[in-house]
Structures are given as C-alpha cells and as structure tokens.
Amino acid sequence: MKLPPPNTRPTALALSLDAALAGEDLEPDFAEDYEVDRARVRVEFPAKLRGLWQPKRFKVMYGGRGGAKSWSVAMALLVMGSNRPLRILCAREIQKSMRDSVHRLLSDQIAALGLGGFYDVLDTEIRGANGTLILFAGLQSHTVDSIKSYEAIDIVWVEEAQSVSARSWEVLVPTIRRPGSEIWLTLNPDLATDATYARFIEAADSDTWLCEINWRDNPWFPEVLEKERRRHFKRDPDTYWNVWEGRPKRTLAGAIYAKEVERLYNDDRVCLVPYNPKLPVHTVWDLGWADNMAIAFVQRTAMDFRVINFMQDNQKTLEWYVEQMEKLPYRWGTDFLPHDGAHGDFKTGQTAQQILEDMGREVEVLERAGLESGIRLARGIFATAYIDEKRCAALLECLSRYRRQIDPRTNEPGAPLHDEASHGADVWRYINMALPLMDNDTQGARPRKPRGGGMAR
C-alpha cells in the first residue's frame with residue numbers, strides 16, 4: 001500500500017462560539033442543548049467533531065495519532081462546564097496516580113481558554129465557580145458497589161478506551177444513569193476483537209455517535225508530526241496503518257505469529273472456506289479439562305490445507321465433544337491427538353486415545369516435540385493455509401494473541417504465556433505435525449469400530 005498523501009487543510013468547526021451559536025456552523029439545537037456564554041470563550045474544533053454538541057448516550061471518537069481527539073474533548077468539556085453545573089468523570093482503565101490521568105491536559109486547556117479565574121485546579125479534582133466538578137478515576141479498581149458514588153455524573157470521558165475491559169464496561173455503564181447522561185470515549189483502536197471496539201464500534205446502536213478522526217481531519221496538524229508520519233511509513237509500514245490511520249490490528253503487540261497472521265489477511269486467505277464433501281475432515285486436538293479443549297477441523301489438498309471449523313470449550317467429556325462433532329455433516333478422517341493422548345487418566349487409567357477409539361473414531365497420537373522447535377516449524381504452514389473467517393474466529397483470535405512472557409527487569413521475551421490463547425496456538429503446532437499424516441481416502445469413510453461407553457476428562 002502507498003503512503004496516504006497529505007490532504008488539503010481541513011476546516012475548523014467554528015471560528016468562535018458566537019458564530020457557532022448564530023447557526024453558521026452547527027445544528028439548530030446546539031444552543032438549546034448546551035447553552036454557552038458566547039462572549040466569554042473562543043474555541044475551535046476539527047469540523048468532524050460537530051457531533052460532540054448533539055445529545056447522544058454514547059459518543060465514540062476513534063482513529064490514529066494526530067487527530068486532536070483528546071485535545072478537543074478536553075476543550076468541549078471545559079466550555080460546557082463553564083456554562084452550566086456539570087459533574088464530569090474522567091476515567092481510564094488503570095490510574096495509579098494523577099499523572100496517569102487527563103488532569104494535566106485539562107489544566108493546560110483551562111489556561112489556553114483563559115478560564116483560570118473560573119476553574120480551581122486542585123490536586124485530585126477540578127472545581128468550577130458555578131458548581132461544576134471534574135473527577136478522575138481508574139475503572140479497574142472499582143466494583144459494582146464502589147462505583148455507585150458516580151451515579152450522579154452527567155458526562156463520563158473514558159480516555160484510552162481501547163484498554164478498558166468488558167468487566168469495567170459492565171460495571172460503569174449501568175452506573176451512569178442520570179437522565180441525559182452521556183459516556184464519551186476516545187481511543188486509538190488496538191484489536192478489533194477488544195471489548196471496547198466490539199461493543200461500541202462494531203455493535204454501535206442508534207444512540208451512539210461514531211466519529212472516525214485521523215491526522216488528515218486536524219486543521220492544526222503540525223509539520224513535525226507530518227514528517228514523523230512519513231518516517232514511520234518508511235520505517236515500518238505494517239504498523240503505520242494502526243498508529244496513524246487508526247485501523248485495528250489483527251494481532252496483539254508482540255504476538256508470536258504476528259507477521260504470519262497479517263499475511264493471512266493481506267493475502268485474503270482468511271475468508272469463507274466451505275466444506276468439500278470429496279475430502280475427509282481430519283481433526284487436530286489440544287486436550288484439556290479445566291483449561292480449554294481445542295479442536296481444529298482440517299481438510300488437506302495437494303496444494304494447501306483448509307481449516308473449516310474450530311471448537312473450544314472446557315470441563316466437558318470426550319463423549320460430549322464427539323457428540324457435537326457427529327452432528328456435523330462431515331465425512332471423517334483421523335483424529336490427531338498430542339502425545340498425552342496416550343497417557344492414562346489418573347482416576348480411570350483410560351487414555352483419550354482408547355476412549356475415542358471405543359466411540360468408533362480413527363485415532364493417531366502424535367510424537368512429543370519441543371515447544372520452541374514446534375513454533376518455528378508451525379510458522380511455515382501459514383503460507384499454505386486457508387482459515388474460515390467465521391467458524392474459526394476463536395482460532396484466529398488465539399493466533400493473534402499468542403505471545404511471550406516479558407521479563408519486567410530486562411524487557412526481554414521469555415517462554416510463551418500459558419493463557420486462553422495458548423490452546424488454539426498449540427493446535428496450530430499440532431496441525432503442522434499432523435499434515436504429512438493426513439490420508440485423503442477418497443473412496444469413502446474409514447470403517448468405524450462399534451460405539452462404546454467411555455467418559456473421560
């Protein structure tokens with residue numbers, strides 16, 4: 001992809017609030033919803049942020065670096081708070097000290113707007129002469145009970161909202177319940193599967209104002225940032241699109257398979273991958289009970305292989321998984337298990353291999369292989385892979401998030417993390433081992449042994 005050229009200078013929202021309130025630039029109900037003292041404050045905003053002044057429950061401003069999102073939101077809140085008493089909460093996922101908050105940004109904007117005589121900037125809050133109160137908080141440290149003190153908030157501004165967890169949103173959103181209250185978000189998107197992006201952008205409803213705003217929409221985008229933008233594209237074009245254009249990343253920062261997953265998408269090999277009834281479906285397993293059991297459904301051709309489905313769950317018996325699998329209209333090949341598939345259960349002594357074979361499955365146990373060598377070899381199979389975008393979304397998520405532990409003292413990467421992403425990533429390693437063993441019996445499904453009992457973990 002080519003470097004996007006600089007646009008012609010975008011327009012500002014208004015030269016002054018006098019002009020704006022006269023109806024020259026904003027919607028007719030602007031003055032009715034937010035009564036601003038026209039003579040006292042002069043402000044300018046990027047034109048794209050017109051919607052800030054219209055009532056909506058959620059206002060979501062997202063994009064890359066240099067779009068003036070935070071700068072504009074800080075200014076808007078201060079102007080609104082100077083005209084009528086508001087209780088404003090400035091929040092982020094983690095706030096260990098006031099240095100982590102937007103306190104300094106608001107303080108600078110108060111000085112720039114000439115509102116130093118109106119706002120009293122204290123160490124932990126900002127107070128307006130009319131009763132406006134601006135508070136600061138980290139969401140992660142709150143529970144449903146502890147956050148109840150914010151019920152009377154009029155506006156919440158969540159900065160760096162891409163980092164907010166699903167749990168924090170479930171605690172915050174129902175708490176902000178005052179009539180007409182609003183929740184504002186500013187974010188530079190990280191992963192499209194992150195809780196914030198999925199909830200407020202991909203699943204936005206009619207009570208959400210979405211504004212994608214980037215460097216080209218900023219009338220005051222400085223030359224120093226324009227030079228840095230161009231240098232970034234030349235230095236690292238893969239990360240440029242996320243950092244400067246605000247496109248969600250497909251892989252977590254530091255992901256082990258980051259480049260390989262990006263190429264999968266760039267080559268359009270994450271797509272609709274239909275079942276081919278002429279080929280058997282082989283399954284590749286990562287065994288688990290308390291941890292996730294992960295199963296990939298694979299069809300191999302002479303030129304490539306296709307992952308057409310993926311199943312992942314926990315605390316389910318092998319029989320349960322087989323029952324779910326046999327509801328699918330597939331012609332089955334071989335079930336490939338990792339080396340521990342031949343180890344007996346400590347309670348029953350039965351192995352996963354024996355239990356699956358008793359249920360009529362054709363099973364092969366893979367040899368034990370080293371983790372690091374397995375990762376290196378598994379990189380090579382991405383080039384011939386096709387993965388179904390919808391049915392294998394969980395597998396793609398695992399591959400995108402599989403990463404290493406980082407030593408906090410040296411910042412050096414260590415062993416891969418054992419977390420929710422590791423089970424799907426382990427299946428990918430096992431697919432690499434199983435591919436040469438996948439026998440495409442095109443004459444019909446292999447005969448099954450009589451189905452037996454067998455319940456195991």
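A residue is taken as buried when its relative accessible area is under 20%. In this predicted model, Glu182 comes out at 4% relative accessibility, so it counts as buried. Its salt-bridge partner is Lys59, with 2.9 Å from N to O between the two side chains. Glu182 sits in strand E7 (residues 182-187) and Lys59 in strand E1 (residues 58-62), so the pair ties together parts of the chain that are 123 residues apart in sequence. Lys59 has a relative accessible area of 0%, so this residue is buried as well.

Stepping back to the whole protein, there are 14 helices and 17 strands. Of the 457 residues, 50% count as buried. The accessible surface comes to about 21,900 Å², and carbon and sulfur atoms hold 49% of it. Among contacts with a separation of 6 or more, 73% are between residues 24 or more positions apart.

Strand E7 is also a good way into the neighbouring strands. E7 pairs with strand E6 in the parallel sense, over four bridges, and here Trp157 stands opposite Trp184 of E7. E6 (residues 155-158) is covered on both faces: Ile155 and Trp157 are buried on one side, Val156 and Val158 on the other. That split follows a familiar rule, as side chains in a regular strand alternate between the two faces of the sheet. E6 also runs parallel to strand E2 (residues 87-92), with four bridges joining the two. In that pairing Ala91 is the residue opposite Val158. Between E6 and E7 comes helix H5 (residues 166-175), and the three elements make a right-handed β-α-β unit.

Further along the chain there is an open sheet of seven strands, with mixed pairing and the order E9-E15-E12-E11-E10-E13-E14. Strands E9 (270-271) and E14 (363-365) stand at its edges with a single partner strand each, so one side of each has no neighbour in the sheet. Within this sheet, strand E12 (residues 305-313) and strand E15 (residues 385-388) run parallel and are joined by three bridges. Phe305 has Ala385 of E15 as its bridge partner.

Two helices go with this sheet. Helix H14 (residues 422-434) lies across E10 (281-286), E11 (293-300), E12, E13 (332-337) and E15, and runs at about 130 degrees to E10. Helix H13 (residues 393-401) has Leu395, Leu396, Cys398, Leu399 and Ser400 as its buried residues. Some of that spacing fits plain helix geometry: an α-helix has 3.6 residues a turn, so residues three or four places apart point the same way. The buried residues of H13 pack against helix H9 (258-266), E9, E12, E15 and H14. H14 therefore turns up twice, lying across strands that include E12 and E15 and taking part in the packing of H13.

Back to charged pairs. Side chains of opposite charge can pair when their charged atoms come close, and the model has a count of 28 salt bridges. Another of them links Arg127 and Glu125, at 2.5 Å from N to O. The two ends differ in cover: Arg127 is partly exposed, given its 41% relative accessibility, whereas Glu125 is buried at 15%. A similar split shows up for Asp304 and Arg306, whose side chains meet at 2.6 Å, N to O. Asp304 has a relative accessible area of 13% and is buried, while Arg306 counts as partly exposed at 25%. Elsewhere, salt bridges with shared partners join Asp194, Glu397 and Arg401 into one network.

Asp123 makes a contrast with the buried acidic residues. Its place is in the loop between strand E3 (119-121) and strand E4 (126-128), and with 68% relative accessibility it counts as exposed. Asp123 still has partners from elsewhere in the sequence: beyond its neighbours within four places, it is in contact with Met98 and His103. His103 is 20 residues away along the chain, and the C-alpha atoms of His103 and Asp123 are separated by 8.7 Å.

Note on methods:
Residues numbered from 1 in each chain as written. Predicted model: local features only at pLDDT ≥ 70, side-chain atom pairs only at ≥ 80, totals over all residues. Heavy atoms only, no water. Pairing = 2+ DSSP bridges. Contact = heavy atoms within 4.5 Å. Axes fitted to C-alpha atoms, helices over the stretch in contact; angles between N-to-C directions. Buried < 20%, exposed > 50% of the residue type's maximum accessible area, 1.4 Å probe, protein only. Salt bridge = Lys/Arg side-chain N within 4 Å of Asp/Glu carboxyl O. Right-handed = clockwise from strand over helix to strand, strands pointing away. Areas by Shrake-Rupley, 256 points an atom, 1.4 Å probe, with all protein chains shown as cover.
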